[in-house]
Structures are given as structure tokens and as C-alpha cells.
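Visitor: Please show me the model, and let us then discuss how its interior is packed.

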Amino acid sequence: MVQLTRVCLRKYGKFLDNLRLYVRGGSGGMGLPRLGGQGGDGGDVVVVATKDMTLKRIKDKYPEKRFVARAGENSSVKALKGERGKDCSIMAPIGITVTTDDGKVIGHLNAPGDRVKVAKGARGGSYHSLFNPSKAKHHHIRLDLKLIADMGLVGFPNAGKSSLLTAVSNATPQIAGYAFTTLKPEIGKLMYKDHKQISVADLPGLIEGAHLNKGMGHKFLKHVERTKQLLFVVDVGGFQLATKTPFRSAFEAVQLLTKELELYKEELLSKPALLVVNKMDLPDAEEKLAALKTQLQNPEEFCSLLDEDMIPKEYIAFKHILPVSALTGFGIENLKNCIRQSLHDEVEMKTQVVVEEKLQALRQHL
Ligand SMILES: Nc1nc2c(ncn2[C@@H]2O[C@H](COP(=O)(O)OP(=O)(O)O)[C@@H](O)[C@H]2O)c(=O)[nH]1
Ligand SMILES: [Mg+2]
């Protein structure tokens, strides 16, 4: 039976690729003038690269986005040297650039366990400071996900991703009639008449079971994370990966791709997504496209043919469904325009969110 949750369409555009945080080092402890005692230093705030972390998880767990380290202990008769305050660790994803609010790079998180100190604890009071602790530093920092391209091509082998990249950009990827031709992300630049440039990444081939690390599995999915938006590519006629595997229609391909992304990291599906229906030069393409569109409007009905574990929890609401032929060039200009518009919309939306957040912060302080 199809569950209710499956019917709703995922709202796109909520994927977080940067996050602004307030950080403050711990205050210093008081010194003890009478006995020359020294207050403990405040703790530091550090960002630590952690596996399976996402910016969204930080935001969900700490909606206030405030990170303050603990204060150092005051000096006392029992403990003349006050204890140091505990550090505050922010668990962050791998592949992050940590910057100041105005974009100056503080450090990088490239591997699990990498640490970047973002706020230093204040010194405890001592003889030199007349036993008064110094003030803790506070500021805003940004965590920016390192991106490899604006758009990422998501599709099963032979859908025509490499051909499409050639058709829209200056890239010259390998094109062949067999699977796994793309082994590392190939980045193409889309050039527009007014010199605007947009980058598109053709990613290592995704196959069913990628979330289980089959084929290029996780490598592929990791790259998907590092693009702003997704460009799903399907062959209008469907596909068959090998003679032993079942034939899949274009509609099924869309759902399988969605499921693979969902099983790896559900948040990937909150990226804006466009659907490219390729090979429109083939016979019966128009009828098949019409069928695909109908199916995408009622996905729950048509998914009943798929195995239960291949049905995504939520269906993607594509911003555009774009019929093209990488071979003849049909629809390519329109595709380029839609890509540009979609990225532009996202910037607008994000600006709007920032403005609203700032307004909300102001209201709270009134
Ligand atoms: N008829 C037709 N064939 C295409 C089209 N785009 C790609 N192909 C063919 O499909 C096969 C796979 O293309 P490729 O770009 O390597 O797919 P990828 O595996 O997704 O990168 C190649 O034989 C291409 O020539 C198209 O628009 N129409
Ligand atoms: Mg390819």
C-alpha cells in the first residue's frame, strides 16, 4: 500500500550550503588579589570535522546558532589557579571552508577530525591584569560547503550526460555506448552571450544500489552534495543497464535516482532540481514524454509497479521538465536558459531568507 507521506512533493530549495554562527570564547575567571591567585582561562570555540554531519543538522540542533565556550573558574583559596573553562566544539561536516563574516578564510575542514579554532577564550585575571579577567571575544563566522559546480548531472549510465555536457558547454568528456565512461567529475562551463558563466559537473556514473556503494556509489553521491542544484537526466526511452537487469522506463529511472539520493542523504533532495528528458530525436519520443509527464503528475499511482523498496518516500517536484536531444541540439538553448533562471531564483530566495532572518533578529532585540 502506498503511504500518505509518499504523496506529498518535496519542497525544494531548502538545502543549506552555508551557515552563519555566533561564537564566543569563554570568559576568564577572577584572580585572587589577596593571595596572588590566577583565574582560569576561558575555553575556546572550535569547529571539528565530523563524518555524517550536515549544515542542516547543526541548524536543527542549535536553532539559535550560538556557541559559547565555558568560563574559567575564579581563583579561590582552595585552588589558587582557577581551572580552565571547557572548550565548545561545533561538529561540522567535512569539506567546509570556515570564514569570518566578511569572507576572510580562517581555515578548512578537509578530513575527519580537522579542527579550526574560531573564538579564543579570555585570559583569567592575574597579577598583570590587576586580577581582572580579560573580555571574551565574540563574532560571527560562516561555514561554507565547498562546491565543485553550480549544477550536477544525475543520471544512470547512457542517459546522455556526457553528450549533454558537450552540447551545452565547452567540455569534451568521453562519450561511449557503454557504462562507466565517466570516472571523475568533468566540469563544463556554460557561456552566455553576456559573459555570464555557469559550471556543470558530469559526475561518475550512478547505478542502482549506489547508496550501498555499488559501482562508483559513494564517490558519486559525495559529489552530488557539492553542487548547488541537480539536473536529472533520463533517456526518454528508458534504459537497461545490463541484460540481466530489468528494463526501466524514464519514469522509473527518475524514481530510482530519487531513491538512491534519499537512501544516501535525504537532504540532497531538498536541492532545486530540473529534469532533462534526453534523446527526443528517437522514434515515439513525443508519446513517451507525454506519458512521463502524466506519470510524474500522479507518481503514487504509477509507482505501484515498482518494488516497495525502490519507491521514494517523497517525490521530487521538478522546477522544469525539459525535453532535449543532445544529438541534434533540440531544446539545448531552452535548457541553458532554464539553468540560468533556476540559479538566479535560488540566489533571490536565499537573499530573501537572510533579510527575513535579520529582521527577525532585530525584532527580538527591540
Ligand atoms: N539518439 C540519441 N542518442 C544519444 C543522445 N545523447 C546521447 N546519445 C547516445 O547515448 C549513448 C550514451 O551517451 P553518453 O553521453 O556517453 O551517456 P552518459 O553515460 O550518461 O554520459 C552514446 O552512444 C550517445 O551517442 C541523444 O540525444 N539522442
Ligand atoms: Mg558519461
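Visitor: Which residues does L231 touch, leaving aside those up to four places away in sequence?

Guide: This is a predicted model, in which local features need pLDDT of at least 70 and side-chain atom pairs count only at pLDDT 80 or more, while totals for chains, interfaces and linings use all residues. Residues are numbered from 1 along each chain as its sequence is written, and chains are lettered from A and ligands numbered from 1 in the order in which they are written. Contact requires C-beta atoms, placed from the backbone, within 7 Å. On that basis L231 touches M151, G152, L153, V154, L274 and V276.

Visitor: Which helix gives the most to the largest nonpolar core?

Guide: Such a core joins buried Ala, Val, Leu, Ile, Met, Phe, Trp, Tyr and Cys residues through C-beta atoms within 7 Å; buried means 20 or more other C-beta atoms within 10 Å of a residue's own. The core has 48 residues, and L231 is one of those that touch the most other members. With eight residues, the top contributor is helix 4.

Visitor: In which sense do strand 13 and strand 14 pair?

Guide: Helices (H or I, at least four residues) and strands (E, at least two) are DSSP runs, numbered from the N terminus, and pairing requires at least two bridges. Strand 13 (residues 227–235) and strand 14 (residues 273–278) share six bridges, and L230 stands opposite A273. Their sense is parallel.

Visitor: In what order do the six strands of the open sheet lie?

Guide: The pairing is mixed. Strand 11 and strand 16 are the edges, each pairing on one side only. The order is 11-12-10-13-14-16.

Key
Buried ≥ 20, exposed ≤ 12 C-beta atoms within 10 Å, placed from the backbone. Contact = placed C-beta atoms within 7 Å.
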